[in-house]
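Thanks for coming, everyone. I'd like to walk you through one model today, so please have the sequence and the structure open while I talk.

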Amino acid sequence: MAANYISKVVSLCGGINVFADSPRFDSRLSKEAVLLKNPEAIIAGEWVSVLARIGWKNWRVFPDFVATQKGNLFFVRFAVQPPQKPRLLEGAQNLCQTLDVARAPNG
């Protein structure tokens, strides 16, 4: 259920969750799964630990990876969870601001 809300917030911010078609939300995304999707940006938060496990600098060993080329590797603190969570709006704002940075000409 969380992935559905995350995808909706990403969409409202003008982005696309490349894992939106996943059958369930999985906070343990593998490096291989991320590389296969080759997103323009990776935004990880409290619910995703793939960046923490792999390490920011380790992504740079993949020079053809679009997010690495653009420097769009972000870890943000947000709470984009189902609407009963009171920080949903704050989390959505943080996510939108991060996507704005990723879309910037230098992003």
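Let's start at Thr 68. Leaving out residues up to four places away in sequence, Thr 68 touches Trp 59, Arg 60 and Phe 62. Thr 68 sits in helix α4, and with a relative accessibility of 17% it counts as buried. Please keep in mind that this is a predicted model.

Now let me step back for the overall layout. The protein has five helices and two strands, and along the sequence they come in the order α-α-β-α-α-β-α. There are 107 residues, and 38% of them are buried. If you take the contacts with a separation of 6 or more, 58% are between residues 24 or more positions apart. As for the surface, about 6,600 Å² is exposed, and carbon and sulfur atoms supply 56% of that.

On to the interior. In soluble globular proteins, nonpolar side chains tend to be buried together. Here the largest nonpolar core has 12 residues, including Ile 6, Val 9, Ile 43, Phe 74, Leu 95 and Leu 99. Which elements give two or more residues to this core? They are α1 and α5. Helix α5 provides the largest share, with five residues. There is also a second, separate core of eight residues, and among them are Leu 29, Ile 42, Ala 67 and Leu 73. If you were hoping for aromatic pairs, I have to disappoint you: a search of the whole structure finds zero.

There is a ring worth a look all the same, and that is Phe 19. You will find Phe 19 in the loop between α1 and α2, and at 16% relative accessibility it counts as buried. Outside its neighbours within four places in sequence, Phe 19 is in contact with Leu 29, Ala 33, Val 34 and Lys 37. Leu 29, you may remember, is one of the residues of the second core. Lys 37 lies over the face of the Phe 19 ring, at 5.7 Å from the ring centre. These two residues are 18 apart along the chain, and their C-alpha atoms are separated by 8.1 Å.

Lys 37 has a second partner, which brings me to charges. Side chains of opposite charge can pair when their charged atoms come close. How many salt bridges does a search of the whole structure find? The count is three, and I'll take them in turn.

In one of them, the side chain of Lys 37 meets that of Asp 21, with 3.5 Å from N to O. This pair links distant parts of the chain, 16 residues apart: Lys 37 belongs to helix α2, residues 31-37, while Asp 21 is in the loop between α1 and α2. Are the two partners buried or exposed? Lys 37 counts as partly exposed because its relative accessibility is 33%. Asp 21, at 58%, counts as exposed, since the cut-off for that class is over 50%.

Next comes Lys 70, which forms a salt bridge with Glu 40, the closest N and O atoms being 3.3 Å apart. Lys 70 lies in helix α4 and Glu 40 in the loop between α2 and β1, so this bridge ties together parts of the chain that are 30 residues apart in sequence. Lys 70 is partly exposed at 35%, whereas Glu 40 is exposed at 53%.

The remaining bridge joins Asp 100 and Arg 103, with the closest N and O atoms 2.8 Å apart. Both residues lie in helix α5, three residues apart, which is about one turn of the helix. Asp 100 has a relative accessible area of 45% and is partly exposed; Arg 103 is partly exposed too, at 43%.

One last stop, at the backbone. Most residues other than glycine have a negative phi. Asn 38 has a positive phi of about 45°, although it is not a glycine. Where does Asn 38 lie? Asn 38 is in the loop between α2 and β1, and at 32% relative accessibility it counts as partly exposed. Glu 40, from the bridge with Lys 70, is in that loop between α2 and β1 as well.

That's my tour. I'm happy to take questions.

Terms used: Residues numbered from 1 in each chain as written. Predicted model: local features only at pLDDT ≥ 70, side-chain atom pairs only at ≥ 80, totals over all residues. Heavy atoms only, no water. Salt bridge = Lys/Arg side-chain N within 4 Å of Asp/Glu carboxyl O. Helix = DSSP H or I, 4+ residues; strand = E, 2+ residues; numbered from the N terminus. Buried < 20%, exposed > 50% of the residue type's maximum accessible area, 1.4 Å probe, protein only. Contact = heavy atoms within 4.5 Å. Areas by Shrake-Rupley, 256 points an atom, 1.4 Å probe, with all protein chains shown as cover. Core = buried A, V, L, I, M, F, W, Y, C linked by side-chain atoms within 4.5 Å. Phe/Tyr/Trp six-rings, centres within 6.5 Å; stacked < 30°, edge-to-face > 60°. Lys NZ or Arg CZ within 6 Å of the ring centre and 35° of its normal.
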